[in-house]
Amino acid sequence: MEILANLNEEQLAPVLDTEGAVLVLAGAGSGKTRVLTSRIAYLVTEKGVPPECILAITFTNKAAREMRERLEAVCEPGRMWVCTIHSMCVKILRLYAERRGLKDNFSIYSEQERSAVIKQAFKECGYDEESLLKSVKFHIGNAKMLGLSPEEYGRRYRYERGIDAAVAVFKKYNAHLKANNALDFDDLLLEALALLREDEEARAYLSGRFRYIHVDEFQDTNAVQFEIVCILASGYGNLFVVGDDDQSIYGWRGAKIENILHFEQSFPKAKMYKLQRNYRSTASILRLANASIAHNRIRKGEKKLWTNEGEGEPPAYVEAESELEEALFAAQTISRLVREGYRLSDFAVLMRINALTRAFEQEFTKYGISYKVFGGFKFFERKEIKDVLAYLRLIANPYDDEACQRVINVPKRGIGEKTIETLRGYAEREELSLYDAVLDCDGLALASAAKEKVRAFGNYVRKLVVRAQDAPVDELVDELLRTSGMREQYEDNSDESVTKRANLDEFKSSVDEYARMNQGASLAEYLQQITLYSDTDEMDDGNYVTVATIHAVKGLEFRCVFLVGLEESVIPSPRALEEARGIEEERRLMYVAITRAKERLWLTRSLSRYLYGRREPTARSQFVEELRGVLQIPENRPRTSFYEPRRYGGGYGYASKNPPPRRVPSAVQQEEERTVFATFGSETKRPSGVSAATMSKHNPPAAQKRDTSEYRVGVRVKHLRFGEGTVLAVRGQGANLIITVHFQSVGNKDLAAALAPLEILT
């Protein structure tokens with residue numbers, strides 16, 4: 001059978017197991033996409049399953065496109081749904097919009113639009129304190145991630161300071177969304193789940209339509225997504241999920257590794273398969289990956305990647321004097337290998353945080369190395385692009401007040417804030433949209449000049465609304481850019497204006513490409529695709545070095561990888577140090593980064609780094625120290641002095657001929673060391689970068705014998721680093737007591753009560 005011919009024994013078994021719940025633990029590079037597409041093709045061609053009865057949920061738009069392309073090569077996917085879970089929820093909600101109190105042309109708000117509407121609701125509730133606004137935004141995001149209404153969230157977090165304000169703004173924000181016929185990114189999931197829970201007819205139709213459901217990257221699903229999948233699978237029970245608990249790296253945004261760890265609890269008859277043969281990396285790279293992830297305890301059984309690809313070049317560890325010399329090493333290495341036959345697109349520079357990109361951008365520019373940065377400021381988040389998209393959103397959905405308010409005076413047409421307030425007040429009194437108020441401006445108490453400007457704006461948008469009924473998306477965008485004055489406002493030759501004009505040209509080009517690839521697509525469909533766009537969608541086949549955060553390249557691979565910034569406080573991140581599972585998720589990030597490399601891998605760090613406004617000496621990441629058995633690592637050279645390193649001169653390497661003079665750590669550094677000690681205690685392995693003397697000095701016996709009996713739900717505590725918080729949950733007892741605390745500054749943290757630097761307030 002041709003479809004199955006290219007599968008190994010590990011892959012073939014789950015493909016042929018078509019009935020019931022199936023969990024496939026697929027190690028990095030083990031061919032999970034091949035397994036998914038082969039199974040779907042097998043169902044269609046050999047089992048006779050109609051394509052429209054199959055659902056395939058992917059993690060990114062890029063993965064969805066690639067899967068559909070592979071399926072088209074072996075079978076006819078037809079009306080099969082192959083999409084991300086957010087795109088799937090949009091499809092469902094377009095079908096049943098009226099049942100959720102929506103019109104089917106509803107807008108989808110990005111994070112920026114959501115932030116703008118929350119800020120407006122915040123002001124309307126009578127608040128103006130900036131720190132409170134930050135807290136309110138966190139609470140609204142947290143509530144939506146947990147799937148809670150304002151009232152439910154308020155009850156659960158009733159002990160939190162400022163919770164009344166958060167609930168009030170949350171309610172006002174939801175009212176604005178309803179009035180604007182809009183949903184934010186989280187609402188797509190929540191509204192789809194509410195529909196499936198409450199609407200028996202919709203639930204019966206959808207769970208009956210999809211006889212076979214497939215979910216990729218299952219370890220990254222959150223609680224809401226998991227319930228949606230379970231309801232859809234309730235009709236036939238044929239749920240096929242593929243994931244890797246060792247690559248679960250999105251806990252910070254709600255992903256629950258428990259979904260994959262405890263899959264059999266939800267589906268007791270589920271069958272489990274493992275894919276451990278790696279087709280991507282050399283044996284030496286896999287040995288490093290296996291050694292790293294082996295330090296994690298929260299795993300679903302042991303997986304050990306192996307390959308027949310040969311030993312390959314051993315991974316190298318490099319220490320540079322400064323971040324500029326770290327970047328110089330990468331630039332020189334890339335230049336040398338390109339001369340030997342590699343392409344720029346074979347290389348990726350991966351990092352934990354995008355704040356590290358500057359040095360690499362600088363050195364790559366100096367060496368004439370083309371590159372693109374991913375995981376930072378996205379193309380569609382640039383102001384000029386957001387302005388054009390706001391026009392398109394208003395044209396597609398005239399109820400969208402946020403879009404109307406954004407562009408009513410863009411480009412500047414003399415409509416001031418006072419006029420906008422008058423329009424907004426009229427719209428609120430008459431229960432109209434802001435755009436309806438614009439069209440009714442003749443009856444408002446406005447100066448004649450202001451009235452004329454508002455009328456002109458309303459007439460202009462109305463013409464485009466009519467034009468959008470029959471014009472293709474590319475023609476509509478072309479007319480908008482020609483007639484709106486968007487380009488003309490950037491007509492000077494400043495660097496900023498030149499860049500903005502180039503961005504508008506790039507946007508027009510992207511719309512033309514979309515229209516070419518999606519004949520007959522509506523404006524609403526185009527806007528949906530843009531709103532659900534992810535950073536990896538910008539990645540193409542161009543010949544450039546990829547500079548990216550590790551999160552941004554999950555699922556991708558490169559011949560050569562530089563994993564940079566391997567320092568404490570970078571990876572693992574500071575916030576991970578005191579969470580029970582934080583370190584393990586950071587180590588999974590390390591594992592993901594290592595397994596992106598196919599042939600060559602360099603792990604690098606800088607002995608000092610300029611970050612967040614100051615230069616500081618750094619400590620080697622504990623994740624590097626864990627690899628001593630499989631990686632050549634020099635003895636640690638602690639840096640305790642503040643100094644300005646050499647700019648060039650071959651500073652990267654394993655030793656320094658002239659080490660700087662020793663300096664006593666600052667008060668802040670000493671306080672941080674005390675915090676690290678209080679977190680880990682004397683019975684655990686000493687963290688990298690914290691001296692034995694420091695551990696000894698801050699090792700009072702009481703730290704190991706603290707009374708934990710006073711920790712209860714609702715108790716107020718104060719943390720040395722995170723400030724004040726409220727205990728949300730308590731589990732375990734005595735020295736093993738773990739408490740979940742919500743801090744206003746950083747959100748929820750799991751802490752070891754006997755060790756964390758906490759003071760009980762109430």
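Mentor: Before we start, a salt bridge here is a side-chain nitrogen of Lys or Arg within 4 Å of a carboxyl oxygen of Asp or Glu. And keep in mind that this is a predicted model.

Trainee: Okay, so why is the contact of Arg280 with Glu557 called a salt bridge?

Mentor: The closest N and O atoms of Arg280 and Glu557 are 2.9 Å apart. The cut-off is 4 Å, so the pair qualifies.

Trainee: What does that pair tie together?

Mentor: Arg280 sits in the loop between strand 8 (271–275) and helix 14 (283–293), while Glu557 sits in the loop between strand 12 (545–549) and strand 13 (558–563). The bridge therefore joins parts that are 277 residues apart in sequence.

Trainee: Are those two residues buried or exposed, and how do you know?

Mentor: Arg280 has 12% relative accessibility, and buried means under 20%, so Arg280 counts as buried. Glu557 comes out at 40%, which falls between 20% and 50%, so Glu557 is partly exposed.

Trainee: What makes Asp187 and Lys144 a salt bridge?

Mentor: Their side chains meet at 2.5 Å, N to O, so they pass the 4 Å test. This pair links distant parts of the chain: Asp187 belongs to helix 9 (residues 185–198) and Lys144 to helix 6 (residues 130–146), 43 residues apart.

Trainee: Why is Asp187 called buried?

Mentor: Asp187 has 8% relative accessibility, and the limit is 20%, so the label fits. Lys144, at 3%, is buried by that limit too.

Trainee: Which residues are in the salt-bridge network with them?

Mentor: The network links Glu111, Arg114, Lys144, Asp184, Asp186 and Asp187. Across the model, the count comes to 57 salt bridges.

Trainee: What about Glu585 and Arg588, why does that pair count?

Mentor: Their closest N and O atoms are 3.7 Å apart, which is within 4 Å, so yes, a salt bridge. They are three residues apart in helix 25 (residues 582–594), so about one helical turn separates them. Both Glu585 and Arg588 are buried.

Trainee: Switching to cysteines: how many disulfides does a search of the whole structure find?

Mentor: Zero. A disulfide is a covalent bond between the sulfur atoms of two cysteines.

Trainee: How do you know that Cys83 isn't bonded to Cys89?

Mentor: The Cys83 sulfur has its closest cysteine sulfur in Cys89, at 8.7 Å. A disulfide needs the sulfurs within 2.5 Å, so that is too far for a bond.

Trainee: And what makes Cys83 and Cys441 buried?

Mentor: Cys83 has 5% relative accessibility and Cys441 a relative accessible area of 1%. The limit is 20%, so both are buried.

Conventions: Residues are numbered from 1 along each chain as its sequence is written. This is a predicted model: local features need pLDDT of at least 70, side-chain atom pairs count only at pLDDT 80 or more; totals for chains, interfaces and linings use all residues. Side-chain values use heavy atoms; hydrogens and water are left out. Helices (H or I, at least four residues) and strands (E, at least two) are DSSP runs, numbered from the N terminus. Buried means under 20% relative accessible area, exposed over 50%, partly exposed in between (1.4 Å probe, protein chains only).
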